[in-house]
Amino acid sequence: MKKKLTGNIIALFTLKGAEYIVSFITLPYLLRVLGPERYGMIVFAQTIINYGNLVVDYGFNLTAPRDVAQADKQELPRQFSAVLTSKILIMAAVLLVGGVTVYAASDLLNIWLLLCTLPALLGNAIFPIWYFQGIQQMRFITIFNIIARTISVAGIFLLVREEGDYCMAAFLQSVVPLLAGAISLGMLLTSSRRLFVKPSMAMIKGKLKEGWDIFLSTVFINLYTNSNIFILRIMTNDTCVGYFAAASKLIEAVKGLLMPISNAIFPHIAVLVKESPQAAVAFICKTVRIIGAIGLVLSLAVLLLAEPLVGLVMGEAYTESIRMLQIISFLPFIIGLSNVFGIQTMVTFGMQKLFSRILMVSALLNFVLVIPLVYLWEGIGLSAAVVCVESFVTISMYIMLRRNGIVIQ
């Protein structure tokens, strides 16, 4: 198990390294070519599509890897087909409802830009990342993503040359999960056809019922993450969204350094919980120390280097992003810990309802803080609100775990 875990971490760090190379090449290029306003328009469209992704995920990104990791050979095909079918059915419903909604609001939305970001929704439905996580074969995720991203980067440099190419830029970024999903399904159809069985309606209903609490949790998470961009756009303009989104992109890149560890250990902890809860808690304690230390170093680095980072990556047009980046610089440390307390511990120990309640309260706190702070200080205010809410989430999860007999230190 240790050998497999190490291999998965290496594979995911390889993927993250490739993503950083791609981001280092493409993000500065897009920020400069498109400018804050056009870049803000793309981010706003991606925010709307992310609502669809939220529904399509339906908590399967957490429950499915755990179930696959714990399934035996006979049960695995039913688990795989039930999740994949459920996601595709949910996607169809999202497209129907979303299409009607967008048509009704066509005067307020850039329909063509939304269509260009739609491949991300289709790819999210068919790319079985959860399966490869569950069987702890992360190298496949790495290979498929690198192939898709290479195609995307080539397209960006060939086809995005001026501000007016913002729709093409949105499409080439959004097509990555669709390409990766198509390649992965093609491989599984060739090498593991036994996985594709007809799931029963009872199995699908069971999956939907099982994922409900996690789905609610992800809804609440998005209420204080994804919706913040939406609120900022409604209360300000595309340029302000561009400034905040650019700073957030840098933080997402830094947080991404912790994700290979988190994604690799989740199925590992799920197996440990089933075999020995005490061993799982001991492993989680080690993980907290590692992720906490790395996250703190990364956050301090961003705080101290915010100004040169913005100048290097974004250019002079994004000087407004510097203060925002400094304010949210400690998010890698804060969110790294909350990931361990919430996803790695609460979810694997079956505490989904408690996890969901904490996020529900956090979403309410977010709205209490965001609207007045954005009104007063726009992107600066939103940055402060995000840090406050994420800190509340982390502290609440730690306290509730202790109250339920799980002491992490």
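Student: How far apart should the end C-alpha atoms of helix α13 be at 1.5 Å a residue, and how far apart are they?

Tutor: One thing first: this is a predicted model, where local features need pLDDT of at least 70, side-chain atom pairs count only at pLDDT 80 or more, and totals for chains, interfaces and linings use all residues. Residues are numbered from 1 along each chain as its sequence is written, and side-chain values use heavy atoms, with hydrogens and water left out. Helices are DSSP runs of H or I with at least four residues, numbered from the N terminus. The expected span is 1.5 Å times one less than the number of residues. For the 17 residues of α13 (259-275) that gives 24 Å, and the ends are 25 Å apart, which agrees.

Student: Where is the kink in α13?

Tutor: A bend is the angle between axes fitted to the seven residues ending at a residue and the seven starting there. In α13 there is a kink of about 30° at Ile 265, shortly before the proline Pro 267.

Student: How does α17 do on the span test?

Tutor: Quite another story! With 52 residues, a straight helix would span 76 Å, yet α17 spans only 15 Å between its end C-alpha atoms. Look at Trp 377, where a kink of about 145° is centred. Just after α17, Gly 405 has a positive phi of about 85°.

Student: Is Ser 356 buried or exposed?

Tutor: Buried means under 20% relative accessible area, exposed over 50%, and partly exposed in between (1.4 Å probe, protein chains only). Ser 356, in helix α17, comes out at 4%, so this serine counts as buried. Contact means heavy atoms within 4.5 Å. Setting aside neighbours within four places in sequence, Ser 356 touches Asp 213, Leu 216, Ser 217 and Phe 220.

Student: And what about Val 297?

Tutor: Val 297 sits in helix α14 (277-313), and its 55% makes it exposed. Helix α13, in contrast, is mostly covered, with 13 of its 17 residues buried.

Student: Which residues form the nonpolar patch on the surface?

Tutor: A patch joins residues with over 30% relative accessible area and no salt bridge; nonpolar side chains (Val, Leu, Ile, Met, Phe, Trp, Tyr) are linked within 5 Å, like charges within 9 Å. A salt bridge is a Lys or Arg side-chain nitrogen within 4 Å of an Asp or Glu carboxyl oxygen. Here the members include Phe 230, Ile 234 and Trp 377, and the whole patch has about 850 Å² of accessible area (Shrake-Rupley, 1.4 Å probe, only the protein chains shown counting as cover). Helix α17 gives the most, five residues. Phe 230 lies in α11 and is partly exposed at 33%.

Terms used: Helices (H or I, at least four residues) and strands (E, at least two) are DSSP runs, numbered from the N terminus.
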